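Work through the exercises below with the structure at hand. Try each task before reading its solution.

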Amino acid sequence: MPPPPGAEASRSPSPPPSARDPDDSDQKGVPAAAVPEKKVVLRSENVVGRAGGAYIPPARLRAMQAAITDKNSPEYQRITWEALKKSLNGLINKVNVANIKNIVVELFGENLIRGRGLLCRSTMKAQAASLPFTPVYGGLIAVINTKFPQIGELLLTRLVVQFRRAYKRSDKTVCLANAKFLAHLVNQKVAHEIVALQLLTLLLEKPTDDSVEVAVGFMRDSGAYLSDVAPKATNGVFDRFRAILHESSLDKRTQYMIEVLFQVRKDKFKDNPAIPEELDLVDEDDQMTHMVALDDEDLEVQDGLNLFKIDPDYPENEEKYQQMKKEILGEGSDDDDEDGSGSGSEDDEDDSEDESAAVQKAHERLQIQDETNTNLINLRRAIYLTIMSSLNFEECAHKLMRLNIQPGQEMELVNMIIECCGQERTYVNFYGLLGERFARFNKAWADAFCQAFEETYKTVHRYETNRLRNIAKFFAHLIATDALTWEVFALIRLTEQDTTSSSRIFVKILFQDLCEAFGLAKLNARLKQPEMVVQVQTEGGYVSRGVFDGLFPKDNPRNTRFAINYFTSVGLGGLTEELREYLKNAPKLIMAQQQEVESDSDTSSSDSDSDSDSDSSSASDSSNMHERARRARLVASRLLPHTTARGHPSVAAASLGRIAAPEHPLTAAGTDAATIAPVPRETSVAAHSRVDGLALAVSSVGPIIDAAPPRSWTDVAGALENADLVARPANTTFAALLRDRAQRIRQGTSGVAAADLGTVLGRLLLVEAATLSAVRAVRLRTAP
């Protein structure tokens with residue numbers, strides 16, 4: 001039997017309850033074209049869930065965001081709401097003292113007006129979970145309150161309402177958390193001090209162990225601030241604490257807490273400042289203080305702000321907040337208002353660029369630089385612990401290479417190895433093998449050890465003997481194994497003036513260990529290798545000299561004797577055989593050099609007489625005489641100890657200016673061409689004293705020639721005046737010339753360059769050297 005008309009319609013399945021429209025009874029005539037719109041709404045509700053917290057896979061979320069282009073649609077607003085909640089939670093959870101300035105900038109980048117309920121809820125949850133960070137959250141809210149006072153008021157209202165509920169339920173944990181947060185908001189002047197006094201009055205009116213504990217904690221946090229703004233009320237609170245303590249009706253633990261509070265007050269809350277220096281981020285004039293009383297009955301917590309609601313004016317509100325954000329971050333919006341007639345896409349791009357630029361500038365202004373060297377200290381600690389916990393040097397080197405030491409930090413590892421080695425009671429070969437392993441690894445590590453050797457030798461006088469011995473043995477191991485180049489010996493100059501007792505001990509231990517490693521013969525052969533040459537930078541450019549010239553000096557017999565005596569005293573006299581031979585043959589070498597100088601001076605003298613009318617020839621002659629004078633002083637300085645040892649002090653004095661040359665006319669270059677006749681050759685022994693005085697004068701002027709240019713003209717004038725006093729009994733004309741030169745230099749009217757002055761003094765030396773040479777010949781013939 002066929003069904004009656006309309007039966008099929010009655011048997012059709014009914015739509016699910018979630019899909020039923022409450023206004024179906026009024027929309028029976030809706031056309032079928034409206035059905036797809038209901039299906040879209042159903043799909044959106046299924047995605048986000050009825051409670052608004054369903055999980056959306058990231059890939060599906062990105063696909064949904066790409067598919068949704070209408071900013072007024074509920075789906076788009078729901079997605080932005082979830083993103084806002086996630087961002088606020090993340091920023092609140094990672095805020096601390098070090099990054100609070102950066103977090104504030106990022107928070108202002110979010111829509112805090114739309115998410116003010118989410119921000120307050122996240123802040124309260126984070127503060128309750130981590131009470132030690134309460135000052136940080138208080139500082140964060142204080143900064144936000146200066147720009148958005150409604151957020152500070154909303155948070156304060158929720159804290160007061162939550163505290164009242166917890167107090168009625170006797171929930172001590174929540175009361176402690178809320179009271180601590182309120183105390184720091186009072187310190188930051190977000191809440192008025194009346195709230196603090198009302199809370200203390202409520203807690204101490206009928207004291208119990210729990211209420212007194214909450215009051216003591218609140219007073220420790222806000223006592224410093226209340227003592228400044230309300231001293232009388234604060235004294236009344238402490239009087240109440242004292243009365244409770246005298247009643248002895250509370251537990252011993254609570255009484256002890258009150259006694260500790262009085263001690264904190266006695267110390268003027270030095271460990272509990274009102275606002276830590278790092279969190280004092282708001283000027284007093286910019287802060288907005290809210291008066292929310294503890295007994296207000298019309299407080300609204302606005303729980304609806306925690307839930308998602310569709311905003312019909314969502315694009316307009318977002319645009320308004322973008323303008324506010326630009327003003328907060330220091331970017332004006334005048335230019336954007338003038339160009340508001342452009343296309344929508346171009347405006348969006350400009351807004352995004354301006355936003356990113358504003359955030360970047362704000363980050364630059366609020367960038368915090370860590371100057372505590374925390375990373376460097378942690379690296380040193382890791383290196384030290386690694387060295388001390390390793391069984392052998394191979395394991396230690398492997399662990400140290402895994403520390404990922406950055407380029408430029410090699411010196412930290414090298415210095416730590418040397419310091420650990422120096423702290424041992426005796427030298428441990430572990431450190432030498434470890435240093436050898438790193439020095440052979442690459443050139444950067446080898447250069448670092450060379451630099452460490454230089455720094456150690458320059459500061460060796462600061463080390464105690466045991467530490468000095470260990471470090472010297474460490475570097476001896478590196479040099480003996482050729483892990484460290486032998487060119488480091490170029491830093492050492494073994495003279496009495498250039499060394500100290502500590503540096504001599506350092507060199508002694510270093511060479512004794514090298515002798516043990518090589519043997520004396522092999523060590524001596526290594527020290528005589530001709531290819532060991534370094535380039536030394538001087539005023540005249542780079543000069544090549546031997547690496548070991550400083551260890552075995554030959555510039556002065558005195559320094560040579562010192563080096564010989566030093567190595568002999570430490571048991572290494574075999575290294576000084578070449579020095580002894582040089583010192584033995586020094587007089588012969590000096591005579592040979594003197595003869596060479598005589599021949600050169602004869603040639604230059606004849607050339608200068610024949611070409612005296614030519615300017616170019618005279619300039620060349622002056623340069624040659626200057627050079628001869630310098631060479632004469634070098635020869636004389638080497639001859640001085642030997643002549644003195646023979647018992648001829650006058651010959652020693654005369655030798656300072658000796659240079660065999662014929663008599664030469666003395667022309668004072670640069671003056672009024674005053675010609676001074678040379679002193680005739682004295683052959684009488686009675687004239688020795690006069691010539692010796694003249695030799696002393698020449699020797700006193702000699703150092704000025706060696707310094708070209710001199711250190712200062714004042715030094716030159718002083719030397720000339722001293723030479724004038726010495727030379728006056730011997731040669732008045734010579735003394736007068738010196739005195740005239742000194743007066744001109746003192747008055748600043750000399751007009752003579754350093755090279756010209758050296759030429760004049762060189763000619764003086766040539767004239768007087770001839771006389772001194774003749775006198776010396778007489779003395780040698782008449783010597784016993």
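Three exercises on this predicted model follow.

**Exercise 1.** Find how many helices and strands the protein has, and what share of its residues is buried.

Solution. Begin with the secondary structure, which comes to 33 helices and 4 strands. Next take the 784 residues of the protein: 42% of them count as buried.

**Exercise 2.** Place Cys420 in its helix and decide whether Cys420 is buried or exposed.

Solution. Cys420 belongs to helix H19, residues 410-423. Its relative accessibility is 2%. Buried means under 20%, so Cys420 counts as buried. Then look at its surroundings: leaving out residues up to four places away in sequence, Cys420 touches Tyr384, Ile387, Met388 and Tyr431. The C-alpha atom of Ile471, 51 residues away along the chain, is 9.7 Å from that of Cys420.

**Exercise 3.** Classify the aromatic pair of Phe453 and Phe475, and explain why the pair ties together separate parts of the sequence.

Solution. A search of the whole structure gives 22 aromatic pairs. In the pair of Phe453 and Phe475, the ring centres are 5.1 Å apart and the planes are at 85°. Planes over 60 degrees apart count as edge-to-face, so this pair is edge-to-face. Phe453 lies in helix H21 (residues 443-458) and Phe475 in helix H22 (residues 465-480), so the pair joins parts 22 residues apart in sequence. Now check burial: Phe453 is buried at 0% relative accessibility, and Phe475 is buried with a relative accessible area of 0%. Phe475 also forms an edge-to-face pair with Phe474, at 5.4 Å centre to centre and 75° between the planes.

Conventions. Residues are numbered from 1 along each chain as its sequence is written. This is a predicted model: local features need pLDDT of at least 70, side-chain atom pairs count only at pLDDT 80 or more; totals for chains, interfaces and linings use all residues. Side-chain values use heavy atoms; hydrogens and water are left out. Helices (H or I, at least four residues) and strands (E, at least two) are DSSP runs, numbered from the N terminus. Buried means under 20% relative accessible area, exposed over 50%, partly exposed in between (1.4 Å probe, protein chains only). Contact means heavy atoms within 4.5 Å. Rings of Phe, Tyr and Trp (its six-membered ring) pair if their centres lie within 6.5 Å; planes under 30 degrees apart count as stacked, over 60 as edge-to-face and the rest as tilted.
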